[in-house]
Amino acid sequence: MKRSLVAILFLAGTLLAAAAASASTIRAYIAEFTVSPADNGNLKTTLQRLLATRLAGDGVVTVDTPAEADVIVSGSYTTLGKMFSLDAIAKSAGGKQLSAAFEQGESMDVLIPAVGKISGKLKGDIVKQFPQGATALPEAAPKAPRADIVRPAASAELVKAPSSEIVRSEGAAGWTSQRLSGIYSGVATWGTKEFVTADDKGIHLYRPGSKLDLVTEVALPDRMKILALDAMGPEANGRVLVFVTIMDRENISSRIYALQNDTLKLVAEDIPYMFRTIAPYGGAKKLFAQQMGRSDDFYGDVYEASIVDKGVKLSNPIKMPRFANIFNFNLFRDQSGKSYLATFSDSGYLLVYAADTGEELWRSTDKFGGSETYFQRRDWENERTNMTPFRTRFLDQRITVTDKGEILVPQNSGFFVLGNLRSYSKYSVVNFAWNGSSLEEKWRTKQSQNYLADYSYNPATKELVLLEVAQKDTFGGKGGSVVRLLGIE
Amino acid sequence: MSFQKKLLAFAAVSALSAATAVPAMALENEFHGMFKFMGYQTNALAGGDTKDILRKDAHSGFFAEQRARIMYIAKANDNLKLVTHFELDTRFGGISTGYKGTTGNDSGNLDADALTLETKNIYLDFNEPATGANFKVGMQPWADAYGSLFLLADMTGAIATKKVDAFTGQLGWFRFDDNTAANAITGPGQLTADLIVADGKFAINKDITVGATYYNIQNDTGLSSASTTAPTVSIPNYELLHMIGVNADINVGPANIKPFAAYQFGDQNSAKDISAYMMGAVGKVKAGPGAVNFSGFYLSGDKGGTNNNAFQIVTTGTTYFNPANMWLLIRPNQAINTSTSLTGNDMTVGGRGSIGVFAGYEGAMGKTFYNANAGYMRTAEARGNEKKSLGTEVNAQVGYKIFDNLSASAAVAYVFLGDALNGKGTDRITTYAQTADADNPYLVNLQLSYAF
């Protein structure tokens, strides 16, 4: 009995001592640093680690998550010209600023001393200003010692994660249409609010308002499959030319429509060219054309095209490197004016080629692009390999170069099987900038739980028109699509 | 032989350099597959592929079969992949005496559980970085440029393909038979049959591609050897064959035409030469909502004499003419396990040669697709009292795409037999017409097809 009493008293004493110790310790969380303009050499985590080791001590301990912290320290490393600036702010879990500090210097040699100086100032301020009472435990502990009960401080329940922890949702700023019946595959814009879309029935002109209004539409014969949809204009008289790349019984048989006064009028048909409008180098939008060969699906070079007397005039050929074709390429320049060609490989990797030599310079680690749009051609010779009389060729997503010279690509994912059955289930749009040696991701849109069939970027309004398939074709169902308008600046 | 050795050595070095020159990347797994169910009500087939039943009072009945194919590709990067391809064939109810490559039953029996996996292809496919040429080394599919009238088969070998602007050249070597016993003391490669392929294609413009080919078969499988057992009948039934040919692929207005012609020469044996030829065309013309298909061929036949004038193939089981769109006259391109024809897939009709003309119409309305075809075949040469006409087939098929990759269809086919197959006496070709006055063959086919 006496032994038990001694043991209980000993345990109670130990726990009380632990409680007292915790009351005098300030738990600090160091968030990952933001680094601009570019994170060379993994500075984000290096700076985070350096500050954590220097801040610890003298009553401050560092913790791994913001949820268990009393103090949250966020910092940034900025270079402008040759100078760098290291800035850090310490806030209480309730959001009250406790300390701010900065150091600047000219070379990396003084970066580590700067971290030391900042940590010293932060530590001093935190210890001095941190409201000890906020987490201090009551000294009298008549019941179970508080240390046994993990109970976050009132302020800790409202922990505000540092901004770098939050993936901002652009969805709030966007506009989403009502559900459109059917599976749409293509969308094209020309700088105004209206846009045309394509599905397996034909093309449809929509105007967004409070909801998406169908203005006019054109039906195509059943045997035709729309591969791509593009638009150029408006011309001085307000006319917009809509280019519909069509596969008709294994041959390209494209059409051009003129859109004027909300009416689509057929201008030319049975054109043996595939069309795509691209704004190379982020400049003016141009029309391009490529042919389909007997043995090559994409025959010869891609040409700049213009429409003259209902005919197609070709000029300025661009030689396509491996994997590139009219539907999946774009051109951009670096600051020195050197020209590059971006495309997707057959496997879905984003590639950058030197435009002059065709040399591959970079390829992404992750897969980007991805489309369920395909065409089929009879291929007797390889029937045993392909297991069908047809060869299936999937197209890929547009690559957009913005007026800043940055690259926009969609990233469809959620691919559940390879082979000729493709099914994507979610996507983001990702923005890249070329840093001289590689494409560096700058931002991405919040992931949507739909497949992105096509998109169009309007440089005038800095807006993306995103054509999503909300419901795939199911037995007896038509499926459904949605159009989202999303400002990206 | 030295050429073959050099080719192999080059391929091996290229494979190694390709494997080491590329940066290490995660292996990508790519799967393709196919499943087909076929149900037949017919008086011409019984679930097997030797030949059609051609007899008087032929019984009609129902049988069903299925085939699955699984293709796994281990892709190291865009320039290097290993392709493997397997097949599983079963007749409903099972066959226990070996069927389509299996040695025991085909798992269609009660409680299934039999070993039925067949290996179709295993080959390395890589681009050699220095030359940019593509190599395929191993057990792989190969098809001729003549509608597969000569050879379409899975074979072990190596083939190199190089594209230079509009020209695509191909050099290949296949060893499709080697009867040398394992560990034979006479040394390797004594009883072999090899195919050498040289193929060139030139795209004059987007609408016209022309090609020329040279195929060479050296067949030593029938040679005698002191320590090995040579087959009594060597396959193919000739020692040396050269085949030179030209082909084209032309778009003219709404029509696409693929004409081809080839000449064969060589030695059937030390006493008899081969001098044979073939020609044909495959075409498609857009018409209405669909397209008109037409095709035809001529294979020279042998009347007897100093030279053998019959068009030579490798085996009847490795010839096809899919553009015909026939079900009975010529084996159908849709066929799975039961894949045969009135002449047991022998379009040379036992060396008599043949002429075939075929036409049809195909189209689609939304998810429904349809086609209807007619074709006529006769022998090029008659032997003895035999007649030439083999028959005229009419067929039609209607299908529905349940999903993008799953379709269901129904087809009917009927053949009005010609005198050579339904004759009453010596006027019929007894190799194929098992009795006199054979009934006209027909079939009804129900199909479920899934491919990805």
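# Worked exercises: two chains, inside and between

Glu87(B) counts as buried, at 5% relative accessibility; buried means under 20% relative accessible area, exposed over 50%, and partly exposed in between (1.4 Å probe, protein chains only). Before you dig in, know that this is a predicted model: local features need pLDDT of at least 70, side-chain atom pairs count only at pLDDT 80 or more, and totals for chains, interfaces and linings use all residues. Residues are numbered from 1 along each chain as its sequence is written, chains are lettered from A and ligands numbered from 1 in the order in which they are written, and side-chain values use heavy atoms, with hydrogens and water left out.

## Exercise 1: a charged partner

Find the salt bridge between Glu87(B) and Lys120(B), and work out which strands the two residues belong to.

*Solution.*
- Step 1: look at the ends of the two side chains. Lys120(B) and Glu87(B) meet in a salt bridge at 3.9 Å, N to O. The rule asks for a side-chain nitrogen of Lys or Arg within 4 Å of a carboxyl oxygen of Asp or Glu.
- Step 2: place them. Lys120(B) is in strand β4 (residues 117–127) of chain B and Glu87(B) in strand β3 (residues 80–91), so they are distant parts of the chain, 33 residues apart. Helices (H or I, at least four residues) and strands (E, at least two) are DSSP runs, numbered from the N terminus.
- Step 3: check the partner. Lys120(B) is buried too, with a relative accessible area of 8%.
- Step 4: widen the view. Arg67(B), Arg69(B), Glu87(B), Asp89(B), Lys120(B) and Asp154(B) are linked in a network of salt bridges.

## Exercise 2: where the chains meet

Describe the contact between chain A and chain B, from its extent down to one residue pair.

*Solution.*
- Step 1: count residues. Chain A puts in 39 and chain B 59, with contact meaning heavy atoms within 4.5 Å.
- Step 2: get the area. About 4000 Å² is buried between chain A and chain B, 47% of it on carbon and sulfur atoms. Buried area is the accessible area (1.4 Å probe) that two parts lose on being put together, summed over both.
- Step 3: look for charges. There are six salt bridges between chain A and chain B. The side chains of Arg363(A) and Asp78(B) meet in a salt bridge at 2.7 Å, N to O.
- Step 4: see what chain A brings. β25 (360–367), β26 (374–378) and α4 (383–386) each supply at least two residues of the side of chain A that touches chain B, and α4(A) gives the most, with three.
- Step 5: sort that side by class. It has 13 nonpolar, eleven polar and 15 charged residues. Here Ala, Val, Leu, Ile, Met, Phe, Trp, Tyr, Cys and Pro count as nonpolar, Asp, Glu, Lys and Arg as charged, and the others, Gly among them, as polar.

## Exercise 3: rings

How are the rings of Phe332(A) and Tyr340(A) arranged?

*Solution.*
- Step 1: start with the total, 30 aromatic pairs over all chains.
- Step 2: take this pair. Phe332(A) and Tyr340(A) are stacked, at 5.3 Å centre to centre and 20 degrees between the planes. Rings of Phe, Tyr and Trp (its six-membered ring) pair if their centres lie within 6.5 Å; planes under 30 degrees apart count as stacked, over 60 as edge-to-face and the rest as tilted.
- Step 3: check burial. Phe332(A) is buried at 0% relative accessibility, and Tyr340(A) is buried at 3%.
- Step 4: try another pair. Tyr424(A) and Tyr451(A) have ring centres 5.9 Å apart and planes at 15 degrees, so this pair is stacked. Tyr424(A) lies in the loop between β29 (407–413) and β30 (426–434) and Tyr451(A) in strand β32 (residues 451–458), so the pair ties together parts 27 residues apart in sequence.

## Exercise 4: a loop with two neighbours

Which backbone oxygens does the side chain of Gln397(A) reach, and is Arg398(A) buried or exposed?

*Solution.*
- Step 1: locate Gln397(A) in the loop between β27 (390–394) and β28 (400–401) of chain A. Gln397(A) is buried, with a relative accessible area of 2%.
- Step 2: follow the side chain. A polar atom of it lies 3.0 Å from the backbone oxygen of Gly370(A), and the side chain reaches the backbone oxygen of Leu452(A) at 3.0 Å.
- Step 3: move on to Arg398(A), which forms a salt bridge with Asp230(A), the closest N and O atoms being 2.7 Å apart. Asp230(A) is in strand β13 (residues 224–232) and Arg398(A) in the loop between β27 and β28, 168 residues apart.
- Step 4: answer the burial part. Arg398(A) is buried, and so is Asp230(A).

Conventions
Polar contact = N/O pair within 3.5 Å; in protein donor to acceptor, adjacent residues only side chain to side chain.
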